[in-house]
Amino acid sequence: QVQLVESGGGLVQAGGSLRLSCAASGRTFSWITFSNYAMGWFRQAPGKEREFVAAISRGGGSTDYADSVKGRFTISRDNAKNTVYLQMNTLEPEDTAVYFCAARLYEFRRSAAEFSAWGQGTQVTVSS
């Protein structure tokens with residue numbers, strides 16, 4: 001099973017930026033590599049359900065964003081480093097949440113239920 005570890009969270013003022021990273025390791029089968037996985041970022045604020053933030057295809061050529069972050073966040077990946085990133089600009093207090101990265105074999109989706117591997121999450125707090 002692939003293991004995911006997020007990093008880069010922290011406390012930032014409104015209008016600031018953060019860059020999250022998610023490093024992947026391990027394999028479900030020997031022939032499955034990081035480049036076989038579509039990757040996604042989700043977030044969960046206290047008292048709320050986990051929500052989709054962004055996703056990227058296996059090769060990085062296709063991306064998808066929640067309307068709430070479109071134009072402010074950018075998802076990218078480096079398959080040589082087995083890492084996916086989330087660049088977050090113009091942060092708002094409403095972006096405060098625990099951010100999770102997730103992996104899904106082949107095609108990306110928006111539904112958290114369709115992702116099979118998850119990281120432990122990293123806290124992002126945006127102060128007003």
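Which residue does the side chain of Glu114 meet in a salt bridge? The close-ups below answer that and then visit other links in this predicted model.

**View 1. Glu114 and Arg104 meet in a salt bridge.** The partner of Glu114 is Arg104, with 3.2 Å from N to O. This pair links distant parts of the chain: Glu114 sits in the loop between strand 9 and strand 10, while Arg104 belongs to strand 9, ten residues apart. The two partners fall into separate accessibility classes. Glu114 has a relative accessible area of 36% and is partly exposed. Arg104, with a relative accessible area of 16%, is buried, because buried means under 20%.

**View 2. A salt bridge joins Arg58 and Glu107.** Here the closest N and O atoms are 2.9 Å apart. The link connects distant parts of the chain, 49 residues apart: Arg58 is found in the loop between strand 5 (51-56) and strand 6 (63-65), and Glu107 in the loop between strand 9 (97-105) and strand 10 (117-118). Arg58 counts as partly exposed, at 30% relative accessibility. Glu107 is partly exposed too, and its relative accessible area is 41%.

**View 3. Asp64 pairs with Arg110.** Their side chains form a salt bridge of 2.7 Å, N to O. Distant parts of the chain come together in this pair, since Asp64 lies in strand 6 and Arg110 in the loop between strand 9 and strand 10, 46 residues apart. Look for Arg110 as a partly exposed residue, with a relative accessible area of 42%.

**View 4. Five residues share one salt-bridge network.** Arg43, Glu51, Arg72, Glu92 and Asp95 are joined through salt bridges that have partners in common. For the wider picture, a search of the whole structure finds nine salt bridges. Why do such pairs form? Side chains of opposite charge can pair when their charged atoms come close.

**View 5. A disulfide joins Cys22 to Cys101.** We finish with another kind of link. How many disulfides does a search of the whole structure find? There is one, and its sulfur atoms, those of Cys22 and Cys101, are 1.9 Å apart. Cys22 lies in strand 3 (residues 18-25) and Cys101 in strand 9, so the disulfide ties together parts that are 79 residues apart in sequence. The link of Cys22 and Cys101 is right-handed, with 45° about the S-S bond. Are these cysteines buried or exposed? Cys22 is buried, at 0% relative accessibility, and Cys101 is buried as well, with a relative accessible area of 0%.

Note on methods. Residues are numbered from 1 along each chain as its sequence is written. This is a predicted model: local features need pLDDT of at least 70, side-chain atom pairs count only at pLDDT 80 or more; totals for chains, interfaces and linings use all residues. Side-chain values use heavy atoms; hydrogens and water are left out. A salt bridge is a side-chain nitrogen of Lys or Arg within 4 Å of a carboxyl oxygen of Asp or Glu. Helices (H or I, at least four residues) and strands (E, at least two) are DSSP runs, numbered from the N terminus. Buried means under 20% relative accessible area, exposed over 50%, partly exposed in between (1.4 Å probe, protein chains only). A disulfide is a pair of cysteine sulfur atoms within 2.5 Å.
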